[in-house]
Amino acid sequence: MKLIKRSLTLLICIFCVSMWIGAQAAFSAMSNYDLEHKINELNERLEKAGESGKLGEWLDCVTLSGAIELDYSYTDPRDVEDKNSDSSSDLNIGAAELGLEVCFHEYVTGNFILKGENLDDDDRVFWDEATITIQKEGFPLYFVGGKRGQPFGVFESHLISDTITQDCYEIAKTGATVGFVPGILGLDISATVYRGDTLIEHLDEAEVGAEVVIPDNDDVSSFIANITMEPAEGLLLSAYWDSEPGNDERNETLGGTVHYEFWKVTLDAEYIGATKREKIVGKEHKESAWFAAAAFQVIDPLEIAVRYGTFNDDIDGDQDGHLESRYSVGASYALFEKDDFATTLMLEYRRSNYENEAGVTVEDTVNEVFAKLAIEF
């Protein structure tokens, strides 16, 4: 497996360099002779590096990872606003990932994840993560800069679908983080800056019924503060605060997570809610979401999990189509495992309950079934 990974890594590196040379050729109208000369020069350098042993040393600093997920989903009804709508189903490559972790220096690491989602629908391929980490072992300060899921929310999930807190509050954006790890109680204290109003936009796109104002702001003036600690073995506590600029007032959000592992059981609970929102017609709607989940390792390859979550739109009365609660039950089974390779089959049933105005006949429940076959290495 290690040999396969090193070979794949080398091929990917050669491919990326070749693509770069091709791009340079296109932009500078390079002749065929010049292009061939460049490729030959690259091959010679690779051969010399291999003979000297430097290529092997460099490949030892590279870790390759990846995943391919085949997803099936069934939804009934397909339209919550139409009680008479029929069901729908889908079969798709839910995700395909290729990741590289490169140790450029003993203090500097780069992480790159190229990802494709719903490839049958739109062939959307993008950089899911591209970060630079500067950290010296034993030194309490560190820096992480680049695109990633920023340190607001933990979103621990043992099921196929995302948690309700991730649906509403994930911040996947380019940012810069400075952290402090004093080396006691697993403490990790960090501050992050990023651009724009990502949390508010994501909350609006989640279509759970949140009433928010989308600001017109693209400055680097959004902040996250995060503190994580491990006061006892198996117990992880996190608290985080986010502040984004609005048109008149800032939007502020606070959250916390408890993660506990003992014997064959894993328990998770997370709450995230607004502490300050821009007013709509003179009123603040301080929405919130939370979930609680448990997972049990029945036998080595089989795990079962349950989860319950709610969303509160902070609006008086019932509103059609606003999410109220959601619960899931599922299982995962490791079909094959060897070294860093695993093939896993997952199943999940999820039921979502929606608010329903009195006298209105729209559907107030949605039943979903998910199945996933995933390979990871």
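The following exercises, each with a worked solution, concern a predicted model of a single protein chain.

**Exercise 1. Overall composition**

Determine how many helices and strands the chain has, and what share of the chain is made up of buried residues.

*Solution.* Begin with the secondary structure: the chain has 6 helices and 16 strands. Next, consider burial. Of the 377 residues in the chain, 38% are buried. Turn then to the surface, where the accessible area of the chain comes to about 21,100 Å², with 55% of that area belonging to carbon and sulfur atoms. Finally, examine the contacts between residues at least 6 apart in sequence: 55% of these join residues at least 24 apart.

**Exercise 2. A salt bridge between two strands**

Identify the parts of the chain that the salt bridge between Glu69 and Lys372 ties together, and establish whether these two residues are buried or exposed.

*Solution.* The search of the whole structure finds 8 salt bridges. In one of them, the side chains of Glu69 and Lys372 meet at an N to O distance of 3.0 Å. Glu69 belongs to strand S1 (residues 62–76) and Lys372 to strand S16 (residues 365–376), so the pair ties together parts that lie 303 residues apart in sequence. As to burial, both Glu69 and Lys372 are buried. The last step is to look beyond the pair: Asp71 joins Glu69 and Lys372 in a network of salt bridges.

**Exercise 3. A salt bridge between a strand and a helix**

State which elements hold Arg326 and Asp167, and classify each residue by its relative accessible area.

*Solution.* First, the side chains of Arg326 and Asp167 meet in a salt bridge, at 3.2 Å from N to O. Arg326 is in strand S14 (residues 323–338), while Asp167 is in helix H5 (residues 164–169), so this pair ties together parts 159 residues apart in sequence. For the classification, a residue is buried when its relative accessible area is under 20%. Arg326 has 12% and is therefore buried. Asp167, with 23%, is partly exposed.

A further salt bridge may be treated in the same manner. Glu117 pairs with Lys115, their closest N and O atoms being 3.3 Å apart. Lys115 has a relative accessibility of 13% and so counts as buried.

**Exercise 4. The surroundings of Thr343 and Tyr107**

Locate Thr343 and Tyr107 in the chain, and list the residues that each one contacts beyond its sequence neighbours.

*Solution.* Thr343 is found in strand S15 (residues 341–354). Its relative accessible area is 9%, which means that Thr343 is buried. Leaving aside neighbours within four places in sequence, Thr343 is in contact with Tyr333, Ala334, Leu335 and Phe336, and also with Leu373, Ala374 and Ile375.

Tyr107 is located in the loop between strand S2 (88–105) and strand S3 (108–117). With a relative accessible area of 30%, Tyr107 is partly exposed. Residues up to four places away in sequence not being counted, Tyr107 touches Thr133, Ile134, Gln135 and Lys136. For one of these contacts the separation can be specified: Tyr107 and Thr133 are 26 residues apart in sequence, and their C-alpha atoms are 8.0 Å apart in space.

**Exercise 5. A charged surface patch**

Name the residues that form a negative surface patch, and describe the place and accessibility of Glu201.

*Solution.* The negative patch is formed by Glu201, Asp204, Glu205 and Glu207. Among them, Glu201 lies in helix H6, which spans residues 198–205. The relative accessibility of Glu201 is 33%, so this residue counts as partly exposed.

Technical notes. Residues numbered from 1 in each chain as written. Predicted model: local features only at pLDDT ≥ 70, side-chain atom pairs only at ≥ 80, totals over all residues. Heavy atoms only, no water. Patch = residues over 30% accessible without salt bridge, like charges linked within 9 Å, V, L, I, M, F, W, Y side chains within 5 Å. Areas by Shrake-Rupley, 256 points an atom, 1.4 Å probe, with all protein chains shown as cover. Salt bridge = Lys/Arg side-chain N within 4 Å of Asp/Glu carboxyl O. Lys, Arg positive; Asp, Glu negative; His and termini not counted. Charge placed at Lys NZ, Arg CZ, Asp CG, Glu CD. Helix = DSSP H or I, 4+ residues; strand = E, 2+ residues; numbered from the N terminus. Buried < 20%, exposed > 50% of the residue type's maximum accessible area, 1.4 Å probe, protein only. Contact = heavy atoms within 4.5 Å.
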